[in-house]
Amino acid sequence: MKHFAYLVAQLDSTTKTTAKLRALTDYLAIAGEADKTWCVALLMGRRPKRPVNTALMRQWAAQVSGIPLWLFEESYFVVGDLAETISLVLPPVAQCSSITLSEYMTALLSLSGKDEAAAETFVKQAWAGMTQTERFVFNKLITGGFRVGVSQKLMVKALATHYHMEEGDIAHKLMGKWTPQENSVQRLISDNEGINNLSRPYPFYLAYPLEESTESLGCVSDWQLEYKWDGIRGQLIFRKNEIYLWSRGEELITDRFPELSALALSLPCDCVIDGEIMAWQDGKPLPFNFLQTRIGRKTVSKQVLKTAPVVMVVYDLLEYKGRDIREEPLSTRRNLLESIVMETNAHTLILSERLQAASWDQAKTLRAQSREKLAEGLMIKRLDSPYQVGRKRGYWWKWKVDPLSIDAVLIYAMRGHGRRANLYSDYTFAVWQGTELVPFAKAYSGLTDKEMQEVDRFVKKNTLEKFGPVRSVTPELVFEIGFEGIAPSTRHKSGIALRFPRMLRWRKDKVAADANTLDDLKSILKNFNV
């Protein structure tokens with residue numbers, strides 16, 4: 001465990017990719033196979049469900065530390081992070097344990113179904129043999145808040161360096177449904193037949209935002225233009241009469257979308273299709289909040305199927321008749337995809353429209369009109385592009401429309417997490433309804449570190465009430481809030497829900513009375529064709 005905790009500390013202490021890569025490869029060089037596998041799984045987001053109630057952990061930490069629970073809770077509100085608070089209040093370690101990461105994780109998983117006393121004994125014994133850093137990491141693993149600045153791409157690069165393999169091969173072999181309990185990294189990457197070959201998806205190809213001029217891309221005829229849809233990116237896999245649907249987050253979601261599972265009856269050949277799962281009705285997309293009613297459900301009721309029907313808007317073909325065709329040019333893959341969609345002839349499989357533009361000026365016009373189609377903008381893809389792994393520059397670009405925006409007043413602030421644990425950095429915003437400020441959105445991104453520190457000072461000096469880690473503040477600060485979409489909502493007091501809200505800028509030139517109204521938001525909602 002000490003080696004893994006040291007790795008996490010190194011990763012957390014730097015923002016340099018080269019330093020993170022060196023730390024990862026150094027760990028892989030010394031870790032045992034089981035620890036190595038758990039490290040890869042944890043850093044790539046394959047974390048098990050939380051095995052221990054965090055409320056109990058607070059009680060146990062207070063008991064071991066010899067402090068009253070109220071004092072622990074006050075300390076937690078100040079620190080802002082439960083795992084860190086526990087690691088700080090526990091007494092110093094008397095004798096360090098030599099238990100490994102994999103042994104701890106196996107023991108944690110074994111707590112499932114056991115009583116509270118067993119969990120208490122295990123957790124307290126673990127704390128007793130750990131340094132402060134180890135306790136912090138251990139607590140993070142238990143609470144489910146384990147996040148370090150390591151992308152999947154960086155983890156793959158470290159593994160490729162360690163095993164002297166191609167990154168694309170590593171990324172592909174780590175896709176699909178596997179657990180550290182049943183597999184090892186060595187077995188996964190050396191298994192040429194594929195432990196889960198039948199259901200295994202390919203790594204997704206991701207586009208970069210287009211920040212340069214379109215003219216720098218050359219002739220528009222060299223590119224394929226499509227709408228950029230706001231749905232769930234997915235891969236539809238059909239092999240040996242079995243169908244699998246994977247999200248970009250590597251979650252198997254076949255059962256949640258029975259309309260797409262039914263395509264197994266009509267697809268003409270083994271294939272892997274890339275596309276966007278969309279709520280769709282009467283020949284056009286529905287707002288994303290309709291799709292949200294399907295996300296996270298284990299079973300889907302007839303009512304949900306009726307009110308939020310889905311389709312898959314498809315735009316690429318990765319495998320055809322059992323053959324990996326990702327190295328073929330997009331134009332070839334697109335032609336084959338068109339033939340599959342035509343032969344399938346299913347209303348739930350919709351081909352992404354290829355937009356026609358004789359010049360980049362015409363493309364700009366199409367982009368400006370995309371919101372009318374409930375799209376986020378355009379995708380621009382070179383016709384000769386292969387299907388690559390991860391986010392690569394040069395071939396695929398996303399050209400989004402400018403966000404919608406509204407001026408709003410800051411009314412609540414909450415402490416952040418991680419490096420923001422000592423700052424009030426998570427904000428709730430409101431707009432006017434008559435003389436009342438009505439909350440409508442939360443946001444935590446968009447400010448510089450300097451601005452965030454300035455807002456933090458304001459919050460501490462202008463607190464009206466405290467609600468645990470949340471403070472209500474004097475309604476003075478005005479911010480421009482940007483968002484991608486807007487929809488009616490019965491869950492919010494304002495009656496409105498925003499898609500991807502964030503702070504575009506701090507409007508220091510405005511006072512609270514200058515902020516927008518709820519009627520302004522409703523006007524945007526009406527114009528958004530919802």
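Reader: Which residues are exposed on the other side of α16?

Author: In this predicted model, Met 342 and Glu 343 are the residues exposed on the other side of α16. The term exposed applies to a relative accessible area over 50%.

Reader: What makes the buried residues of α16 lie on the same side?

Author: The buried residues are Leu 330, Arg 333, Arg 334, Leu 337, Ile 340, Val 341 and Thr 344. They cover an arc of only 120° around the axis, and therefore they are placed on the same side of α16. The general background is that an α-helix has 3.6 residues a turn, so residues three or four places apart point the same way.

Reader: What do the buried residues of α16 pack against?

Author: They pack against β3, β6, β8, β10, β11 and β13.

Reader: How do you know that the span of α16 is close to the one expected?

Author: Helix α16 comprises 15 residues, from 330 to 344, and reaches 21 Å from its first C-alpha to its last. At 1.5 Å a residue, 21 Å is also the expected value. Just after the helix, Asn 345 takes a positive phi of about 55°.

Reader: Why is Gln 224 called buried?

Author: Its relative accessibility is 1%, and buried means under 20%, so Gln 224 counts as buried. Gln 224 belongs to strand β3, residues 223-228. Beyond four places in sequence, Gln 224 touches Leu 330, Arg 334, Arg 354, Met 379, Ile 380, Lys 381 and Leu 383. Two of these names, Leu 330 and Arg 334, also appear among the buried residues of α16.

Reader: What makes the pair Gln 224 and Glu 226 a polar contact?

Author: The two side chains come to 3.1 Å, and the cut-off for such a pair of N or O atoms is within 3.5 Å. The pair therefore satisfies the distance criterion.

Reader: Why is Arg 382 called partly exposed?

Author: The relative accessible area of Arg 382 is 21%. Buried would require a value under 20% and exposed a value over 50%, so Arg 382 falls in between. Arg 382 lies in strand β11, residues 377-382, and its side chain makes a polar contact with that of Asp 384 at 2.9 Å. Leaving aside neighbours within four places in sequence, Arg 382 is in contact with residues including Asp 222, Trp 223 and Leu 330. Arg 382 and Ser 221 are 161 residues apart in sequence and 9.2 Å apart in space, C-alpha to C-alpha.

Reader: What makes β2 and β3 the edges of their sheet?

Author: Four strands form an open sheet of mixed pairing, in the order β2-β13-β11-β3. β2 and β3 each have a single partner strand, so one side of each is left without a neighbour in the sheet. Within this sheet, β11 and β13 pair in the antiparallel sense over five bridges, with Gly 377 opposite Lys 400 in β13.

Reader: Why is β6 described as largely enclosed?

Author: Ten of the eleven residues of β6 are buried, so the rest of the structure largely encloses this strand. Its pairings are antiparallel: seven bridges join β4 to β6, nine join β6 to β8, and two join β6 to β7. Examples of bridge partners are Ile 232 with Ile 277 in β6 and Gly 275 with Val 314 in β8.

Reader: What do β6 and β7 form, and how many residues stand between them?

Author: β6 and β7 form a hairpin with two residues between them. In the turn, Asp 282 has a positive phi of about 55°. Gln 281 has Lys 284 in β7 as its bridge partner.

Reader: How do you know that Cys 271 and Cys 269 are too far apart for a bond?

Author: The sulfur of Cys 271 has its closest cysteine sulfur in Cys 269, at 5.1 Å. A disulfide requires sulfur atoms within 2.5 Å, so this pair is too far apart for a bond. The count of disulfides comes to zero. Cys 271 is buried, with a relative accessible area of 0%, whereas Cys 96 is partly exposed at 45%.

Notes: Residues are numbered from 1 along each chain as its sequence is written. This is a predicted model: local features need pLDDT of at least 70, side-chain atom pairs count only at pLDDT 80 or more; totals for chains, interfaces and linings use all residues. Side-chain values use heavy atoms; hydrogens and water are left out. Buried means under 20% relative accessible area, exposed over 50%, partly exposed in between (1.4 Å probe, protein chains only). A polar contact is a pair of N or O atoms within 3.5 Å; within protein, one must be able to donate a hydrogen and the other to accept it, and residues adjacent in sequence count only if both atoms are side-chain atoms. Contact means heavy atoms within 4.5 Å. The expected span of a helix is 1.5 Å times one less than its number of residues. The arc is that of the directions from the helix axis to the C-beta atoms. Two strands pair if DSSP finds at least two bridges between them.
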